[in-house]
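User: Please take a close look at one part of this protein: the place where two helices pack against each other. Tell me what sits there and how the surroundings fit in.

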Amino acid sequence: MKQLDSKYTFPTIDLFNSTNRIHTEDKTEVEELKDRIARILDNFNIGVASIEAKIYRNIIFYEITPKKYTSFSIVREYENDIALTIAEKGVRIISPIPGKLALGIEVPRTNQQPISIKEVFENSMFQETDMDLPIVIGETVSNEMCIKDLTKVPHILISGTSDAYISNCLEVI
């Protein structure tokens, strides 16, 4: 971040509370859903060669490699039915994953973790930016900070559900 030519001394980062991030994962929950997804796809005659789970802060991403000769048009045809059968709120199906012979299923985590302001200020991307007025919009799915220069962003649309920390976002900006 650019330094201002002023005699003002910024408060230290210790002013903010430390992050109470939970680092443990319930592997059985991830594996159970992986098995459930395999059974559901099998019920729709979509053969599965492998399923790999990637755990992020707020979602679990399942990358599914279908068996040879499985048509992605079948997956697209049954997308809504598959999402409903998984019975998780906010399921998103990516069929196919761009650049891969695989499909993806994003499932929101039950124990989502908000981003703390201290975590934002301690992030090297935020500290080393040369933007005039940097703001952190949030995190990408892969846990990278999304930072924009407020002087170059003419409009910002902030949306989400009522429990999505929207007011916290506006307060920080």
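Analyst: What follows starts with the whole chain, goes to the helix pair, and then moves outward to the core and the loops.

This is a predicted model. The chain has six helices and six strands. In sequence order they run α-β-β-α-α-β-β-α-α-β-β-α. Of the 173 residues, 28% are buried. Contacts between residues 24 or more positions apart make up 51% of those with a separation of 6 or more.

Now the helix pair. Helix H1 covers residues 27-43, and helix H3 covers residues 79-86. Their axes lie 10 Å apart and meet at an angle of about 140 degrees. That angle makes H1 oblique to H3. Angles over 145 degrees would count as roughly antiparallel. The crossing of H1 past H3 is right-handed.

Which residues make the contact? From H1 come Leu33, Arg36, Ile37, Ile40 and Leu41. From H3 come Ile82, Thr85 and Ile86. By class, the contact holds six nonpolar residues, one polar and one charged. The charged one is Arg36 and the polar one is Thr85.

Two isoleucines in this contact deserve a closer look. Start with isoleucine 86. Setting aside residues up to four places away in sequence, Ile86 touches Leu33, Arg36, Ile37 and Ile40. Those four also appear on the H1 side of the helix contact. Isoleucine 86 reaches beyond H1 as well, touching Val91 and Ile105.

Next, isoleucine 37, which lies in H1. Is this residue buried or exposed? Its relative accessible area is 1%, so isoleucine 37 is buried. The cut-off for buried is under 20%. With residues up to four places away left out, isoleucine 37 touches Ile51, Tyr62, Ile64, Ile86 and Ile105. One of these partners, isoleucine 105, is 68 residues away along the chain. Their C-alpha atoms are 9.1 Å apart. Ile105 is also a contact of Ile86.

These contacts lead into the core. The largest nonpolar core has 20 residues. Ile37, Tyr62, Ile64, Ile82, Ile86, Leu103 and Ile105 have the most contacts inside it. Of these, Ile37, Ile82 and Ile86 also take part in the helix contact. Which elements supply at least two core residues each? They are H1, strand S2 (59-66), helix H2 (72-77), H3 and strand S4 (103-108). H1 gives the largest share, five residues. In soluble globular proteins, nonpolar side chains tend to be buried together.

Strand S4 also carries a charged residue, glutamate 106. At 13% relative accessible area, glutamate 106 is buried. Leaving out neighbours within four places in sequence, glutamate 106 is in contact with Ile59, Ile60 and Phe61. Its other contacts beyond that range are Gly90, Val91, Arg92 and Ile94. Val91 also touches isoleucine 86 of the helix pair. Lysine 54 lies 52 residues from glutamate 106 in sequence. The C-alpha atoms of glutamate 106 and lysine 54 are 9.6 Å apart.

Now the loops. Asparagine 45 sits in the loop between H1 and strand S1 (48-55). Its phi is near 60 degrees, a positive value in a residue other than glycine. Asparagine 45 is exposed, because its relative accessibility is 66%. Proline 96 is in the loop between strand S3 (92-94) and S4. A cis peptide bond links serine 95 to proline 96, with omega about -10 degrees.

Farther along the sequence is aspartate 130, in the loop between helix H5 (124-127) and strand S5 (134-139). Aspartate 130 counts as exposed, because its relative accessibility is 62%. Aspartate 149 is 19 residues from aspartate 130 along the chain. Their C-alpha atoms are separated by 9.2 Å.

To return to the part you asked about: H1 and H3 cross right-handed, through a contact of six nonpolar residues, one polar and one charged. Ile37 and Ile86 touch each other there, and both are among the residues with the most contacts in the largest nonpolar core.

Methods:
Residues are numbered from 1 along each chain as its sequence is written. This is a predicted model: local features need pLDDT of at least 70, side-chain atom pairs count only at pLDDT 80 or more; totals for chains, interfaces and linings use all residues. Side-chain values use heavy atoms; hydrogens and water are left out. Axes are lines fitted to C-alpha atoms, for helices over the stretch in contact, and angles run from 0 to 180 degrees between N-to-C directions. Angles under 35 degrees count as roughly parallel, over 145 as roughly antiparallel, 65 to 115 as roughly perpendicular and the rest as oblique. A crossing is left-handed if the near helix is turned anticlockwise from the far one by less than a right angle, and right-handed if clockwise. Contact means heavy atoms within 4.5 Å. A nonpolar core is a set of buried Ala, Val, Leu, Ile, Met, Phe, Trp, Tyr and Cys residues joined through side-chain atoms within 4.5 Å. Buried means under 20% relative accessible area, exposed over 50%, partly exposed in between (1.4 Å probe, protein chains only).
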